[in-house]
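Subject: Structure handover

Hello,

Here is the structure we discussed. Please open it before reading the notes underneath.

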Amino acid sequence: MGRKGVALVIVLFLVTVPLQLMVQWKVVTGMPPEGAHVHAHAGEHGEGEYSQDHADEYSHEEEDDGEGEPRGNLIPNYGFEVGTREQAWGWSPRVRGSSVVFRDEKVKRRGTASGAVAGEADSSGPSGWVFSSLGFPRGEGVTLRGYVLAEVERGGAYLLLRALRLVENEETVPLMEVYQVRDGSIAHWEEVSLEAAVPPEADRLEVEVGFFGRGKAWFDDLTLEVGKAPVLVAGEESLFNASFEQGLDGWLPFGERGEGDRLGVKGLPGGRYLELTSDGGGTWGVGQGVSGLPEQGALRVELSAGSKLVSGEAYLDLFLFYPQGPRRVRVGELSGDQPVRTFGSEIPLEDGLRGAWVAVAVNGVGAVQVTGASLVTLPGD
């Protein structure tokens, strides 16, 4: 290498290294820099192809379709490369129960870090990392992808996408919430993905990656891009794992669970059922959301459930997300010792319905068994 080559290497070193240090310093002090992710990758890896691929990926993030809508990967710090153990630039921790949300530099798929969530009890979470965006395509479809690794005693990892509309006093109302839940351990990095239709009235789009239960999960190389908007097909089942044959896959817990609360799937293949056992500490449950509802027709929901409750009640609900705000349809109610039976309701698709969410909740002492669920769109006249 000649003198000019050596001089060029020295100049590049003096330019790139201070940029990386400045990026780290700005994250710690709460001053997010532009282009932080690509600077953090530059020169850090022996894999030149990896660095170039990611730099090319990032270079398209700020492109648009000519109408001001962003294109490419909408998550700048998609690999959790930039941050400290407690912070990741562009992400915010959301903790429920005895969970720990942190940036892990020891476990990663590629690069230098991953986003990690650890649950210390069966009732931990769902907790995770949240990315919130105000710049995204409205009225179109988006695809969320990410790589997941999990070591689970009880519980699972999830990717979640939520659309919100801003109302008075900086409050928000949900327009859509969908997720992909993986029950149990994932021994090798596995890609998990989901699609959603973004309502045209949405003001904020949230990505959440997290974990519930006892164990740990790691997330890396996340992408949120414009994709084909899903449309629910009339007559076809819209819920994933509606009969719980795949455990808790597709179903995410909500509410504040206590140490005495238990959530799991029991029974033999072909006859599995979901069981919620509550100690009476508060209302909690499990649910699943859908998007891409047609403009006409009807929505038919059915839930087959029974109870062995000493006190309190269990609720079978359908939440409907409209631009004006959510509405709740009480599909069924359980109390005492009741055998399994099917509850159902039919709702017309009107008033700009953007999303729906099926939920089973318990507020009392005892157990609730759910043997199946169904959410089907019916064609219009």
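The notes below go from the overall fold to aromatic contacts, the largest pocket and some backbone details.

Overall

Please keep in mind that this is a predicted model. The protein has three helices and 16 strands. Of its 381 residues, 50% are buried. Taking contacts between residues at least 6 apart in sequence, 75% join residues at least 24 apart.

Aromatic pairs

The structure contains six aromatic pairs. One of them is formed by Phe-80 and Trp-129, with ring centres 5.7 Å apart and planes at 55°; an angle that is neither under 30 nor over 60 degrees counts as tilted, so this pair is tilted. The pair connects distant parts of the chain, 49 residues apart: Phe-80 is in the loop between α3 (48-59) and β1 (91-94), while Trp-129 is in strand β4 (residues 127-133). Buried means under 20% relative accessible area, and Phe-80 has 0%, so Phe-80 is buried. Trp-129 also comes out as buried, because its relative accessibility is 0%.

Phe-244 and Trp-251 make another tilted aromatic pair, at 5.3 Å centre to centre and 40° between the planes. Both rings belong to buried residues: Phe-244 has a relative accessibility of 1%, and Trp-251 has a relative accessible area of 2%.

Ring pairs also join residues into a cluster, whose members are Phe-80, Trp-91, Trp-129 and Phe-131. Phe-80 and Trp-129 therefore appear in this cluster as well as in the tilted pair described above.

Charges over rings

Two arginines are worth displaying together with their ring partners. Arg-138 has its charged end over the ring of Phe-136, 4.0 Å from the ring centre. The charged end of Arg-327 sits over the ring of Tyr-322, at 3.9 Å from the centre.

Largest pocket

What is the volume of the largest pocket? The computed value is about 480 Å³. Its lining consists of 20 residues, and those nearest the centre are Glu-195, Pro-230, Leu-232, Ser-238 and Val-290. By class, the lining of the largest pocket divides into ten nonpolar, seven polar and three charged residues.

Which strand gives the most to this lining? That is β12, with four residues. Strands β6 (172-183), β7 (186-197) and β12 (284-291) each supply at least two residues of the lining.

Backbone details

Most residues other than glycine have a negative phi, and most peptide bonds are trans. Three places in the model depart from that pattern and are listed here.

- The peptide bond from Gly-125 to Pro-126 is cis, with omega near 10°. Pro-126 is located in the loop between β3 (114-120) and β4.
- Asn-169 has a positive phi, near 60°. Asn-169 lies in the loop between β5 (141-166) and β6. With a relative accessibility of 69%, Asn-169 is exposed, because the cut-off for exposed is over 50%.
- Asn-241 has a positive phi too, near 55°. Asn-241 lies in the loop between β8 (204-227) and β9 (252-255). Its relative accessible area is 8%, so Asn-241 counts as buried.

Both asparagines thus sit in loops with a positive phi, but Asn-169 is exposed and Asn-241 is buried.

Regards

Key: Residues are numbered from 1 along each chain as its sequence is written. This is a predicted model: local features need pLDDT of at least 70, side-chain atom pairs count only at pLDDT 80 or more; totals for chains, interfaces and linings use all residues. Side-chain values use heavy atoms; hydrogens and water are left out. Rings of Phe, Tyr and Trp (its six-membered ring) pair if their centres lie within 6.5 Å; planes under 30 degrees apart count as stacked, over 60 as edge-to-face and the rest as tilted. Buried means under 20% relative accessible area, exposed over 50%, partly exposed in between (1.4 Å probe, protein chains only). A charge sits over a ring if NZ of Lys or CZ of Arg is within 6 Å of the ring centre and within 35 degrees of the ring normal. On a 1 Å grid over the protein atoms alone, a cavity is a set of points where a 1.4 Å probe fits but cannot get out, and a pocket is an open set with protein on both sides within 12 Å along at least five of seven lines; lining residues have an atom within 4 Å of a point. Grid points are joined across faces, edges and corners, and a volume is the space filled by probe spheres set on the points. Ala, Val, Leu, Ile, Met, Phe, Trp, Tyr, Cys and Pro count as nonpolar, Asp, Glu, Lys and Arg as charged, and the others, Gly among them, as polar. Contact means heavy atoms within 4.5 Å.
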